[in-house]
Amino acid sequence: MEIKGSYHLPCDPQRAWEALNDPELLKACLKGCERLEKTADDRFEGTVQAKVGPVNARFSGSLTQTEINAPHGCTMVFEGQGGVAGFAKGQADVKLDAVDGGTQLSYIADAKIGGKLAQMGARLVEGTARSMAEDFFGKFSVALGGEHGGGTAGSRSDVPEHVAEGAAAPARFGSSSIWLVLVAVLMAVLAFYWLA
Amino acid sequence: MYEFTYHRPGSLEEARKLISEDDGQPLSGGQTLMPVLRARLAMPTALVDLTRLEELKGVNLEGDRVVILGATTHADVASNALVREHCPALAELASGIGDPQVRYRGTIGGSVANNDPAACYPTACLALDAEIRTDRRSIPAREFFTSMFDTALEHGEIVTAVSFPTCQHAHYEKFPNPASRFALIAVFAAKLGGQTRLAVTGGGTGVFRWQEGEQAADSGGSLAAAALSEAYFTGDLHASTEYRMHLTRVIAQRALTALG
């Protein structure tokens, strides 16, 4: 399953990269995040209390950055455990491209789902992942804009745009934002559980 | 098995109290909630059963509005004489939800509160400018369905009724998943005040009004050429994004044709 998205951030790629490696900031932007720690230079671990519709479950996961090309991007390998729900794992490529007025962040994640989840079909996975991603990047973007003294460049993207296709330039940038994707995938995964 | 408390309140007032004081999870027909509980994807400490509240069941005609109370089942809506006379497309929609088991348990209040991105009722609500009444207020449908599985409801707020305008010019066209009977894509088409309404479910991110399609229909244009945002659609193992987008145009055209 492939999930991708693209968001405009109101800051330069260097600042975006730093923010995406700041566990406190990420935690504040990720709905339901109870714990998020940087356990090594290239590794994060955490738990998320995920609530989607009637589903309310706790997931734990880890994220490791590989092929780091700061502040341009990286590949992230993630996996998460959702107890009875099953697990998700995969990897994601994140890019940060400098654009007029800020940074275009784009990601492509390839996720695999297993356990009980895999038996149930994936009706709700992508939509849940997208809605979580939008929620995360919305808060993230506002957080970054706020730090820039409320400049116009920041406020313009208070409502981040979700673009179906990533922008062109193949510079590689990345960050733990994929954590968001990871979590999104997990939640999505578990969310579609009751579909049948 | 894990332990929880099951409450069967005798009045809406008692239900409200139990939900706020005991942090109870409202339970209506349970057609989504029960499978979730069974899978341990939610473990509330208390369930508050709303299905025995007679004050939440039935259909009333209030002037030019058909008001369906929250705990009314799909089967009851489908067979109700008032609905069939004053808003027949709604009865038709209700008769095609899930299978007989689902229709005899599932309720309109539960369906709109859950806001599943492939549910049927939200399309009728959006297309017909329904009002969703709760124990606290009345919310226009266009403000109620905020995103998939998300609504304007506050914590513990109960849907007590959904109020629809009477409407003879409406049609619900559904392309069901043959296994689940959820909409792969479904469109509720209506003429409201001389204007065409098209509401779409099943796209993947939640119910939406296809306004470009409505404008095309009203100006004699072609639905095939009307703009349709990809942001409303996702792909899954049942259908790709492209397929769902194509299906939306096809099903919307069928709905309009049936509308005449």
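This tour walks through chain A and then chain B, one selection at a time.

**Before you start**

The model on your screen is predicted, with an ipTM of 0.72 and a pTM of 0.82. Chain B averages a pLDDT of 95, and 100% of its residues score at least 70.

**Stop 1: all of chain A**

Select chain A and switch to a cartoon view. You should find 6 helices and 7 strands. Following the chain along its sequence, the pattern reads β-α-α-β-β-β-β-β-β-α-α-α-α. Chain A has 196 residues, and 55% of them count as buried. Among its contacts with a separation of 6 or more, 67% are between residues 24 or more positions apart.

**Stop 2: the sheet of chain A**

Now colour the strands of chain A. They build an open sheet of 7 strands with antiparallel pairing, and the order across the sheet is β1-β7-β6-β5-β4-β3-β2. To find the edges, select residues 2-9 for β1(A) and residues 33-40 for β2(A); each of these pairs on one side only. Turn the sheet to look along it and you can follow its twist, which averages 20° from one strand to the next.

**Stop 3: from the β2(A) edge inward**

Keep β2(A) selected and add residues 43-52, which are β3(A). The two strands run antiparallel and are joined by 6 bridges. For one such place, pick E37(A): its bridge partner in β3(A) is E45(A).

Next, add β4(A), residues 55-69. It pairs with β3(A) in the antiparallel sense, over 10 bridges. Here you can select a pair of glycines, since G46(A) has G61(A) in β4(A) as its bridge partner. Then look at the turn: the hairpin of β3(A) and β4(A) has 2 residues between the strands, and G53(A) takes a positive phi near 55° there.

Move on to β5(A), residues 73-81. It runs antiparallel to β4(A), and 8 bridges join the two. Select S60(A) to find its bridge partner in β5(A), Q81(A). Which strands form the hairpin with 3 residues between them? They are β4(A) and β5(A).

While you have side chains on display, one general point helps: in a regular strand they alternate between the two faces of the sheet.

**Stop 4: a helix across the sheet**

Select residues 13-20 of chain A, helix α1(A). What does this helix lie across? It lies across β1(A), β6(A) (87-99) and β7(A) (102-114), and it runs at about 155° to β6(A).

**Stop 5: the first helix of chain B**

Hide chain A for now and select residues 12-21 of chain B, which make up α1(B). Show the side chains of A15(B), L18(B) and I19(B), which are buried. Look down the helix axis: the buried residues of α1(B) fall within an arc of 95°, so they line one face of the helix. On the other side of α1(B), you will find E13(B), S20(B) and E21(B) exposed.

What covers the buried residues of α1(B)? The cover includes three strands of chain B: β1 (5-7), β2 (25-27) and β3 (46-49). Before leaving, click on D23(B), just after the helix, where phi is positive at about 50°.

**Stop 6: a sheet in chain B**

Now look for an open sheet of 5 strands in chain B, with antiparallel pairing and the order β4-β5-β10-β6-β7. Select residues 59-62 for β4(B) and 138-140 for β7(B): these stand at the edges with a single partner strand each, so one side of each has no neighbour in the sheet. The twist of this sheet averages 25° from one strand to the next.

Zoom in on β7(B) and add β6(B), residues 131-134. These two run antiparallel and are joined by 3 bridges. E131(B) has P140(B) in β7(B) as its bridge partner.

**Stop 7: helix α10 of chain B**

For the last stop, select residues 211-218 of chain B, helix α10(B). Its buried residues are G213(B), E214(B), A216(B) and A217(B). They cover an arc of only 160° around the axis, which puts them on the same side of α10(B). Show β13(B) (195-201) and α11(B) (241-259) as well; what covers the buried residues of α10(B) includes both. Finish at G220(B), just after α10(B), which takes a positive phi of about 75°.

Methods: Residues are numbered from 1 along each chain as its sequence is written. Chains are lettered from A and ligands numbered from 1 in the order in which they are written. This is a predicted model: local features need pLDDT of at least 70, side-chain atom pairs count only at pLDDT 80 or more; totals for chains, interfaces and linings use all residues. A residue is buried if 20 or more other C-beta atoms lie within 10 Å of its own, exposed if 12 or fewer, and partly exposed in between; C-beta atoms are placed from the backbone. Helices (H or I, at least four residues) and strands (E, at least two) are DSSP runs, numbered from the N terminus. The arc is that of the directions from the helix axis to the C-beta atoms. Two residues are in contact if their C-beta atoms, placed from the backbone, lie within 7 Å. Two strands pair if DSSP finds at least two bridges between them. Axes are lines fitted to C-alpha atoms, for helices over the stretch in contact, and angles run from 0 to 180 degrees between N-to-C directions. pLDDT is the predictor's confidence in each residue, from 0 to 100.
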